[in-house]
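Thanks for coming. I will show one structure and then go through its sheet, its pocket and its cysteines.

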Amino acid sequence: MDYSKLDGLIPAVIQDAESSEVLMVGFMNEQALADTRRTGYATFFSRTRGALWTKGETSGNKLQVMEILVDCDEDTVLLKVKRLGSGNVCHTGERSCFYRRLP
């Protein structure tokens with residue numbers, strides 16, 4: 001993976017493995033991707049907190065990784081996931097982070 005373009009981070013697009021709905025976009029550093037692969041649950045790097053976090057560690061709405069795909073430039077990953085818990089992925093309580101239309 002090429003972590004050089006975004007100061008050690010790569011975008012991670014999160015997609016529902018069953019419906020193909022795009023649920024969120026997060027960022028991963030090398031450790032977050034390694035933890036995701038090791039545990040089978042989506043782990044990200046929080047740019048705000050400067051720390052790793054596993055999706056659902058407080059809400060229970062975990063993302064079980066079914067498949068990881070890498071783009072042609074090896075600088076972005078696509079995680080196909082199974083939603084656990086209530087299934088709501090967005091921190092606002094919405095199913096997906098992409099619930100608003102741009103006017």
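**Strands, pocket, cysteines**

A hairpin is made by β1 and β2, with five residues between them, and S20 in the turn has a positive phi of about 70 degrees. Before going on, the ground rules: this is a predicted model, where local features need pLDDT of at least 70 and side-chain atom pairs count only at pLDDT 80 or more, while totals for chains, interfaces and linings use all residues. Residues are numbered from 1 along each chain as its sequence is written, and side-chain values use heavy atoms, with hydrogens and water left out.

Strands here are DSSP runs of E, at least two residues long, numbered from the N terminus. Two strands pair if DSSP finds at least two bridges between them. Strand β1, residues 10-16, is joined to β2 by six bridges, and the two run antiparallel. Along that pairing, P11 stands opposite F27 in β2, and I14 stands opposite M24 in β2.

Now the whole sheet. It is open, with four strands in the order β2-β1-β6-β5 and mixed pairing. β2 (22-28) and β5 (63-70) are at the edges with a single partner strand each, so one side of each has no neighbour in the sheet. From one strand to the next the twist averages 30 degrees; axes are lines fitted to C-alpha atoms, and angles run from 0 to 180 degrees between N-to-C directions.

Is edge strand β2 mostly covered or mostly uncovered? Mostly covered: five of its seven residues are buried. Buried means under 20% relative accessible area, exposed means over 50%, and partly exposed is in between, with a 1.4 Å probe and protein chains only.

β2 comes up again in the largest pocket, which holds about 620 Å³ of space. For the method, a pocket is an open set of points on a 1 Å grid over the protein atoms alone, where a 1.4 Å probe fits and there is protein on both sides within 12 Å along at least five of seven lines; lining residues have an atom within 4 Å of a point. The volume is the space filled by probe spheres set on the points. There are 24 lining residues, and those closest to the centre of the pocket are M24, V25, W53, K55 and H91. At least two lining residues come from each of β2, β3 (43-46) and β4 (51-54), and β2 gives the most, with four. By type, the lining has ten nonpolar, nine polar and five charged residues. Charged here is Asp, Glu, Lys and Arg; nonpolar is Ala, Val, Leu, Ile, Met, Phe, Trp, Tyr, Cys and Pro; the others, Gly among them, are polar.

Two backbone points. D7, in the segment before β1, has phi near 55 degrees, a positive value in a residue other than glycine. E74, in the loop between β5 and β6 (77-83), also has a positive phi near 55 degrees and is not glycine. D7 is exposed at 79% relative accessible area, and E74 is partly exposed at 45%.

Last, the cysteines. How many disulfides are there? Zero, counting a disulfide as a pair of cysteine sulfur atoms within 2.5 Å. The sulfur of C90 is 3.8 Å from the closest cysteine sulfur, in C97, and that is too far for a bond. C90 is buried, with a relative accessible area of 9%, whereas C97 is partly exposed at 33%.
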